[in-house]
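New to this one? Here is a short walk along the chain, with a few stops at the backbone.

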Amino acid sequence: MRLYGKDSLKARLDSIAAQHRLPHAILLYGERGTGKRVMANYIAKLFMCGAPPCDSCNTCSRIDANAHPDIIFVREKCGGKYNLSVDNKELVSMRKVMESIAIKPNDGEIKVYIFEDCDDMSPIIQNTLLKTIEEPAPFLRFIFTCENTQSILETIRSRVTEFEVPAPTVDDCTRCLVDRGEPADKSHELAEIMSGNIGKCIDVLSGAGDTAFMEAARKAAAAISRKDGFTAAAALSANTGRPEFAAVLGYLSDILRDALAVRCGASATSFGKTEAKALAEVYTEDRLMSMLDTIFEVSDDAIYNLNLSLTAAYITSKML
Ligand SMILES: [Zn+2]
């Protein structure tokens, strides 16, 4: 298992594990695409194989193949989400998962529950986990992952040990893509566009993270910096369909956040660097913040259920 750009975190975890002090509940946090899942699998190896893991035993091979019966990816068991309230099927699946927690491991001595992307985990569900984390059976280990620790209840945070998953550099990311069989020049170019975010690069290469949506967001951002509301609205609604619209808005908010960073003296790092710099030259921090608010408002709001071109027009009218 190769970890890209994770040397310091790996060394730290290896040393803690070698002293048999690896905590039974761990929270990994870091930006989407930085490798939290790979890191969670690595920690599972530390729990189940040893420090450092051998990478060749039956346990390690099954973890690499995503096929270990005692490593449970809870979010997948819950149909991809666990953010809804009582009486819904996600909570029911969560209960089923929690009931299985009392059952001993299929093989070996350890069972690892991995709760990925806890940012949208509802407080009700977080609370149901509290007791389990606090007084676990000796064979249980828990790994949580999230982008932002603020979304996790204090009561949970006080019971887990937090580790930040560092973002890979462009070079780390390029190496990873080359190792996956991509041509070197293409890998470097993509790694640069994505500022080293391996997950986002893999999404693009697999067709999941569409370059079309990023292009639309860049076009909209450029139009906003020129105060051209018509072109901005057209770019936002060029891709039909609600998930596509949401993806473009997501990418636009990445560029706006980047523009804010530039205003605050940092350098632009997103795939829309040029557009972010242009926005930063035209708008103040306050204006950029209120543009981000508009995007959040639309994403949360009922207006989102209206016609998409109207929504795009509404967004640009509020921004400009
Ligand atoms: Zn091993």
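**A walk along the backbone**

Take the loop between α2 and α3 as a starting point, and pick out aspartate 55. With 14 C-beta neighbours inside 10 Å, aspartate 55 counts as partly exposed, because that class lies between the exposed limit of 12 or fewer and the buried limit of 20 or more. Keep in mind that what you're looking at is a predicted model. Aspartate 55 sits in the loop between α2 and α3, and its phi is near 70 degrees, a positive value in a residue other than glycine.

That loop has another stop for you. Proline 52 is found there too, between α2 (36–48) and α3 (58–64). Look at the peptide bond leading into it: from alanine 51 to proline 52 the bond is cis, with omega near -10 degrees.

Now head back towards the beginning of the chain. Helix α1 covers residues 7–18, which makes 12 residues. From its first C-alpha to its last it reaches 16 Å, close to the 16 Å expected at 1.5 Å a residue. After α1 comes histidine 20, and its phi is positive, near 55 degrees.

For the last stop, jump past α3. Asparagine 66 lies in the loop between α3 and β2, the strand at 71–73. It isn't a glycine, yet its phi is positive, at about 60 degrees. Is asparagine 66 buried or exposed? It has 10 other C-beta atoms within 10 Å, so it is exposed.

Definitions and conventions:
Residues are numbered from 1 along each chain as its sequence is written. This is a predicted model: local features need pLDDT of at least 70, side-chain atom pairs count only at pLDDT 80 or more; totals for chains, interfaces and linings use all residues. Helices (H or I, at least four residues) and strands (E, at least two) are DSSP runs, numbered from the N terminus. The expected span of a helix is 1.5 Å times one less than its number of residues.
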